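User: Could we go through this structure together? I should like to begin with the ligand and then turn to the helices and the backbone.

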Amino acid sequence: MNRVNGVRKGVSQPVAALYGTAAVPGDKSASHRALMLGGLAVGETRIEGLLEGEDVLRTAAAMRAMGCEVETLGSGAWRVVGVGVGGLAEPEDVLDMGNAGTAARLLMGVLAGHNMTVFLTGDASLRSRPMARVSTPLQMMGAQFITREAGRLPLAIVGAADPVPIEYRLPVPSAQVKSAILLAGLSAPGETTVIEPEATRDHTERMLCHFGATVRTETAEDGAGRITLVGQPELAATDIVVPRDISSAAFPIVAGLITNEASISLPCVGLNPHRSGLLVTLREMGAKIEETNARDVAGEPVADLVVTSGPLSGVTVPAARAPSMIDEYPILAVAAAFAEGDTRMCGLGELRVKESDRLATVRDGLVANGVDVTIEGDDLIVRGRPGAVPGGGVVEARHDHRIAMSFLVMGVGTADPVGVDDMSPIDTSFPGFLLLMNELGAS
Ligand code: S3P
């Protein structure tokens with residue numbers, strides 16, 4: 001590993017075997033939400049298993065800057081003393097959300113229900129991402145925004161004095177947009193309803209109920225989901241156990257599948273059905289992933305997983321599955337390079353507006369490592385060559401943690417090592433990634 005001006009280059013060497021236990025960090029989506037809802041509840045919330053990655057620490061700092069007590073008790077245990085719905089104080093300075101799109105968008109929802117002025121910014125990646133998808137419905141609820149072109153950060157938000165509940169049909173399948181509206185709806189009288197034609201992760205709904213809010217989920221006549229929050233609840237502080245992140249587990253899982261010999265155990269992985277599309281897809285490809293000890297923690301399903309190496313075959317992944325594995329396409333594309341035949345991943349337009357343009361970064365990374373890959377419209381097609389994936393390239397991470405991790409994983413199974421130009425983004429979601437992978441036998 002080389003470090004130059006904060007940029008950390010990395011190289012992953014091919015290895016023969018991977019064995020051991022991969023205790024991946026806490027779920028990023030649940031961690032942001034636990035800190036925000038803990039801050040909006042009355043009293044002291046204890047959180048266990050919080051992801052202590054840079055993205056989540058930004059949320060912790062923002063909640064603190066607005067008057068909540070937020071402190072670490074060590075080893076993933078945190079204490080949050082909330083101020084109640086509507087009780088946040090205007091922060092004295094700009095809130096810098098770093099790389100964290102979830103933090104920025106969900107906080108916009110929280111802030112829309114607080115009548116104060118807040119300035120938000122982020123790193124180069126976050127400043128390039130679309131925010132109008134969030135500010136548009138929040139304006140309908142009474143918040144005002146001044147933004148850069150196309151709603152981009154930095155932006156200023158003046159929260160509504162009298163927030164108005166709305167009924168809003170999501171134009172894009174986005175849990176972040178849904179969550180921002182529901183969080184703003186906490187401050188509005190009456191019922192706020194979000195209609196989602198395609199189901200997205202429902203951590204906000206589950207956690208709101210865990211804090212004592214009333215949220216109803218129904219199916220509309222056209223099959224869309226209708227999620228309704230009863231506004232102005234008193235959220236009661238509670239205890240939360242954050243499951244381990246399926247999106248982080250994806251990396252050791254695929255590493256195990258593409259290595260000649262592997263058996264990797266992953267305890268207590270969150271298996272929310274709106275998050276676990278990768279497991280469905282990998283099993284369709286022939287992957288051996290066992291699931292035991294299924295249980296619920298703090299309103300979320302979890303289980304222990306064991307993955308063993310074995311041959312994979314190419315499949316077509318339907319567009320309808322995209323919301324349930326939206327963050328996992330980079331690592332699935334890596335798995336597809338090692339599968340027999342073609343894998344077609346359909347309907348990936350949303351990947352263009354993630355931490356990087358993931359359709360382009362994945363294609364460029366695969367091409368740099370000798371893989372046959374094309375983009376057709378919004379579909380990504382990877383032509384696999386089991387046992388004969390060349391490697392030998394250096395991949396541009398483009399501020400994207402999942403790109404850096406996906407290609408380091410690729411290097412465990414290629415003929416030649418795979419380089420990544422900057423591993424520093426990995427700390428946003430998976431601090432300890434290198435150590436965990438190396439303890440399994442990666443290099
Ligand atoms: C997230 C939702 C997804 C996902 C992101 C986390 C969340 O984004 O890509 O990493 O926690 O709600 P979109 O809602 O924009 O699809």
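The conversation below covers the ligand site, the helix packing and two backbone features.

User: What kind of model is this?

Analyst: This is a predicted model.

User: Which residues surround the ligand?

Analyst: The ligand is enclosed by Ser29, Arg33, Thr102, Arg105, Pro173, Ser174, Ala175, Gln176, Arg201, Ile326, Asp327 and Lys354.

User: How do those residues divide into nonpolar, polar and charged?

Analyst: The shell around the ligand consists of three nonpolar, four polar and five charged residues.

User: Which helices supply at least two residues of that shell?

Analyst: Helix 1 (28-40), helix 3 (101-112) and helix 6 (175-185) each do so.

User: How far is the side chain of serine 174 from an oxygen atom of the ligand?

Analyst: An N or O atom in the side chain of serine 174 is 2.8 Å from a ligand oxygen atom.

User: And which part of alanine 175 and of glutamine 176 lies 2.9 Å from a ligand oxygen, backbone or side chain?

Analyst: For alanine 175, a backbone N or O atom lies 2.9 Å from an oxygen atom of the ligand. For glutamine 176, a polar backbone atom is likewise 2.9 Å from an oxygen atom of the ligand.

User: How much of the ligand does the protein bury?

Analyst: The ligand taken alone exposes 380 Å², and the protein buries 96% of that.

User: Let us change topic to helix packing. What describes two packed helices?

Analyst: The angle between the two axes and the distance between them describe such a pair.

User: Helix 3 came up at the ligand. How does helix 3 pack with helix 5?

Analyst: Helix 3 and helix 5 (residues 132-140) have axes 10 Å apart, at an angle of about 15 degrees. The two helices are therefore roughly parallel to each other, and their crossing is right-handed.

User: What about helix 10 and helix 12?

Analyst: The axes of helix 10 (residues 329-337) and helix 12 are 9 Å apart, and the helices pack at about 20 degrees. Helix 10 and helix 12 are therefore roughly parallel, with a right-handed crossing.

User: How do the axes of helix 12 and helix 13 cross?

Analyst: The axes of helix 12 (residues 401-410) and helix 13 (residues 433-440) come within 12 Å and cross at roughly 15 degrees. Helix 12 and helix 13 are therefore roughly parallel to each other, and the crossing is right-handed.

User: Now the backbone. Is the peptide bond from leucine 153 to proline 154 cis or trans?

Analyst: That bond is cis, with omega near -5 degrees. Proline 154 is in the loop between strand 9 (144-147) and strand 10 (155-158).

User: What is phi of asparagine 293, and where does the residue lie?

Analyst: Phi of asparagine 293 is near 60 degrees, a positive value in a residue other than glycine. Asparagine 293 belongs to strand 17 (residues 288-297).

User: Why are these two features worth listing?

Analyst: Most residues other than glycine have a negative phi, and most peptide bonds are trans.

Note on methods. Residues are numbered from 1 along each chain as its sequence is written. This is a predicted model: local features need pLDDT of at least 70, side-chain atom pairs count only at pLDDT 80 or more; totals for chains, interfaces and linings use all residues. Side-chain values use heavy atoms; hydrogens and water are left out. A residue is near a molecule or strand if one of its heavy atoms lies within 4 Å of it. A polar contact is a pair of N or O atoms within 3.5 Å; within protein, one must be able to donate a hydrogen and the other to accept it, and residues adjacent in sequence count only if both atoms are side-chain atoms. Accessible areas come from the Shrake-Rupley method with a 1.4 Å probe; for residues, only the protein chains shown count as cover. Helices (H or I, at least four residues) and strands (E, at least two) are DSSP runs, numbered from the N terminus. Ala, Val, Leu, Ile, Met, Phe, Trp, Tyr, Cys and Pro count as nonpolar, Asp, Glu, Lys and Arg as charged, and the others, Gly among them, as polar. Axes are lines fitted to C-alpha atoms, for helices over the stretch in contact, and angles run from 0 to 180 degrees between N-to-C directions. Angles under 35 degrees count as roughly parallel, over 145 as roughly antiparallel, 65 to 115 as roughly perpendicular and the rest as oblique. A crossing is left-handed if the near helix is turned anticlockwise from the far one by less than a right angle, and right-handed if clockwise.
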